[in-house]
Amino acid sequence: MGCRGACAPRTQYRTGTVAQAMMTDRVQINQLADHVGAEVTLAGWLFGQRKGGKVIFLLVRDGTGLCQCVVSADTESAFANATTLTQESSLRLSGLVRQDDRAPGGYEIAVTAVEPVQLADEYPITRKPHGIDFLMNHRHLWLRSPRQTAILRIRHRLIRAMRDFFDQRGFTLIDTPILTPGAAEGAGTLFPVDYFGDEVYLAQTGQLYLESAAMALGKVYCFGPTFRAEKSKTRRHLTEFWMIEPEIAFAELPDLANLAEEFICALVHAALTDCRAELETLERDLEPLQRIQAPFPRITYSEAVERLHSDALHEQLEAALTADRERLNAWRAELEQTEAERAAARKGWQQERLDRTLHQLRERIRELEADLQNRPLHIEQAKQFAWGKDLGGDEETILSRQYDRPVIITHYPRDVKAFYMKPDPNDPRVVLNLDVIAPEGYGEIIGGSQREEDADALLARIDAEEMTPDSYQWYLDLRRYGSVPHGGFGLGVERTVAWICGLRHIRETIPFPRLMGRLTP
RNA sequence: UCCGGCGUAGCUCAAUGGUAGAGCGGGUGGCUGUUAACCACUAGGUUGUAGGUUCGAGUCCUACCGCCGGAGCCA
């Protein structure tokens, strides 16, 4: 990946007069603590600056961190170069590393030479707040902000943890096709693609292919993008997202639930162990994450429905509603007071600070108001939830708020689930499936099941759903040549990242989100 | 597809139906320790588009466009 100091091309330092002064080692900002007292070279971009008459503070970022670099007017050439720098200009600089409590991060560089690489045009993203539309339109630049780089690092760490988890347990990575004929499930949610005159679709799961690989290798997983053409416009949806799916031969539902539980614990552990600084940047409350430990509560769909109907739950929901209404009133009072302060404020910076507070406060109030308006309806719907319907987002949220860790819900009604799920031998109305609902309202992050391994039963399901058996002959073959109990699940990478990072919206979890009505950049 | 909200300077937002403003960002000048620095000056607008009501519309009405949130559907 990144080019560390040792492999930086030396030839670049031999051009230009300023560059000649830079004979020192190139280091990354996150390694500065190891170079106190040494003369080093940084290469990066100007994140911000503050100018005094005879001193300039450059805030430089290099992808590993931020460093304050102090340029004194005594170093004439460096000072002259530094005055020309605009926000996000690329540069190299060298100087002495020293510890200083006044510097953000505790270390700074006393600059001896500055070499602008390119002077940036007026940069559209300032260090002040921006609206989401503006930021999304500048996603290619927005990625440079500390918050976004923190999210991208956590995403990377979690993806590594996902692959490590399966690799260490003897799973083999199988790449499944992205161009697929026909539909595994309803065709309305697929993106059609012209394939030499035929209509094919972008894959929405690798599962069917994975099942055949599981019969070859025992334990397999796939990891890749999936595509859903659903016209969803919510904070939990993307049209293109990444999913990791294990599939295991000779596995039954309890094995899958155990694996899912262990898997999620491993992911949270990786983030807590290796991404403390990033989580802090995001102001993620760590306490709910630290509680994520096995065993997770496991309930059946029928138990979940009973719970939705229970008086105890409804008393609890009403109490929460009352508490939140009081919270709203408190915020409104706070808003009024802040508005008065704002009206009285004379200094520009005071006004600016108060405006920021007001903005956040108004947003929070708007959000809670909408939530409070919807909630009585949701509570009512929960009370009247009919056995046989699929659990919706609201029901999931209500149920997951009962627990301080992910909840595993199993045995959903057969009619709302896919044809390949194996019915429960003890109650054929339900299937041997599992969903894992993340805490804190983040919704379903895992869905999976034990698969129907009997050829006749599977064919009957294909007929019942009025699907075309011809397109599934190869899939039925798996049940004709040494069929075994097997199953697997899929975990949505972005929803998991959103949960662990504590993000309001899934669009920040992926570098270039694809949403309904947004395809660029 | 349905419901709700918003659209004013490059950005974030103000503006009882009555002279379109502030902060940030840009430019110029000042300041040797700043912490999203500060101080002074300065440029910057067909108020999303098209109609309508009115003596007068950023503000009210209608349609359209765009964005945001939610429902449905889902990971």
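This passage describes an eight-stranded sheet and the protein surface near RNA strand B in a predicted model.

The sheet is open, and its pairing is mixed. Read across, its strands come in the order β7-β11-β12-β19-β18-β17-β14-β13. At the edges are β7 (172-173) and β13 (298-300), each of which pairs on one side only. Helix α7 (residues 253-274) packs on this sheet, where it touches β12 (240-249), β13, β14 (407-410), β17 (433-438), β18 and β19. The direction of α7 makes about 30 degrees with that of β19. Within the sheet, β18 (residues 443-450) and β19 (residues 486-492) run antiparallel and are joined by five bridges. For a landmark to look up in the structure, I446 has L491 in β19 as its bridge partner.

Strand β18 also leads to the RNA, as one of the elements that each supply at least two residues of the surface near RNA strand B. The others are β2 (39-51), β3 (55-61), α3 (132-137), α12 (348-383) and α13 (393-400). Helix α12 gives the most, with five residues. In composition, this surface has 26 charged, 14 polar and 12 nonpolar residues. Of the 52 residues around the RNA strand, those that come nearest are R50, R127, H130, R235 and R495.

Sugar or phosphate accounts for 53% of the atoms of RNA strand B within 4 Å of the protein, and bases make up the rest. Individual side chains illustrate each kind of contact. An N or O atom in the side chain of S232 is 2.5 Å from a base oxygen, while one in R495 is 2.2 Å from a sugar or linking oxygen. For H505, a polar side-chain atom lies 3.1 Å from a phosphate oxygen of RNA strand B.

Technical notes
Residues are numbered from 1 along each chain as its sequence is written. Chains are lettered from A and ligands numbered from 1 in the order in which they are written. This is a predicted model: local features need pLDDT of at least 70, side-chain atom pairs count only at pLDDT 80 or more; totals for chains, interfaces and linings use all residues. Side-chain values use heavy atoms; hydrogens and water are left out. Two strands pair if DSSP finds at least two bridges between them. Helices (H or I, at least four residues) and strands (E, at least two) are DSSP runs, numbered from the N terminus. Contact means heavy atoms within 4.5 Å. Axes are lines fitted to C-alpha atoms, for helices over the stretch in contact, and angles run from 0 to 180 degrees between N-to-C directions. A residue is near a molecule or strand if one of its heavy atoms lies within 4 Å of it. A polar contact is a pair of N or O atoms within 3.5 Å; within protein, one must be able to donate a hydrogen and the other to accept it, and residues adjacent in sequence count only if both atoms are side-chain atoms. Ala, Val, Leu, Ile, Met, Phe, Trp, Tyr, Cys and Pro count as nonpolar, Asp, Glu, Lys and Arg as charged, and the others, Gly among them, as polar.
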